[in-house]
Amino acid sequence: MTSLNTERASARDIGGLVRGQWGIENKIHWVRDVVFAEDHQHAYTGNGAHAMAMLRNLAIGLIRLAGLTEIKRTLEWIAADRMRILPLLAASTP
């Protein structure tokens, strides 16, 4: 389903939109679902789930701003020594 005028939109236009949507799915939702196991977190009540989603998005954003693309490997690297987060935070600031 699309709101595009299908008489004017080419297959290339529609394909670009689909690829763009999957790019979002792969960069954010997949990382949150698989790396952070967000779908299996049921311990939060009230605004806790929203707050945790925001913190996960912040972590993903900071890692990407630092120029890193392997989120899972980066999180494991930081988990091994919590002080490793400091250079990453410095790298993510403009």
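# Exercises on a four-helix chain

Arg32 counts as buried, at 14% relative accessibility; here buried means under 20% relative accessible area, exposed over 50%, and partly exposed in between (1.4 Å probe, protein chains only). The model is predicted: local features need pLDDT of at least 70, side-chain atom pairs count only at pLDDT 80 or more, and totals for chains, interfaces and linings use all residues. Residues are numbered from 1 along each chain as its sequence is written, and side-chain values use heavy atoms, with hydrogens and water left out.

## Exercise 1

Describe the helices and strands of the protein chain, and state what share of its residues is buried.

*Solution.* Step 1: the protein chain has four helices and zero strands, where helices (H or I, at least four residues) and strands (E, at least two) are DSSP runs numbered from the N terminus. Step 2: along the sequence, the pattern is α-α-α-α. Step 3: of the 94 residues in the protein chain, 16% are buried.

## Exercise 2

Identify the residues of the largest nonpolar core and the helices that supply at least two of them.

*Solution.* Step 1: a nonpolar core is a set of buried Ala, Val, Leu, Ile, Met, Phe, Trp, Tyr and Cys residues joined through side-chain atoms within 4.5 Å. Step 2: the largest one has seven residues, namely Val31, Phe36, Ile60, Ile63, Ile71, Ile78 and Leu88. Step 3: at least two residues of this core come from each of helix H2 (48-65) and helix H3 (71-80). Step 4: Leu88, a member of the core, is in contact (heavy atoms within 4.5 Å) with Leu62, Ile63, Ala66, Leu68, Thr74 and Ile78, its neighbours within four places in sequence being left aside.

## Exercise 3

Explain why the buried residues of H3 lie on the same side of that helix.

*Solution.* Step 1: Ile71, Thr74 and Ile78 are the buried residues of H3. Step 2: these residues cover an arc of only 65° around the axis, and therefore lie on the same side of H3; the arc is that of the directions from the helix axis to the C-beta atoms. Step 3: an α-helix has 3.6 residues a turn, so residues three or four places apart point the same way. Step 4: Arg73 and Ala80 are exposed on the other side of H3.

## Exercise 4

State how many salt bridges the whole structure holds, and examine the burial of the partners in the bridges of Glu38, Arg73 and Lys72.

*Solution.* Step 1: a salt bridge is a side-chain nitrogen of Lys or Arg within 4 Å of a carboxyl oxygen of Asp or Glu, and the whole structure holds four. Step 2: Glu38 pairs with Arg32 at 2.9 Å, N to O; Glu38 is buried at 16% relative accessible area, and Arg32 is buried as well. Step 3: Arg73 pairs with Glu70, with 3.1 Å between the closest N and O atoms; Arg73 is exposed at 58%, whereas Glu70 is partly exposed at 42%. Step 4: Lys72 and Glu76 meet at 3.1 Å, N to O. These two residues are four residues apart in helix H3, and so about one helical turn separates them. Lys72 is partly exposed at 49%, and Glu76 is partly exposed at 46%. Step 5: Arg32, Glu38 and Arg56 are joined into one network by salt bridges that share partners.
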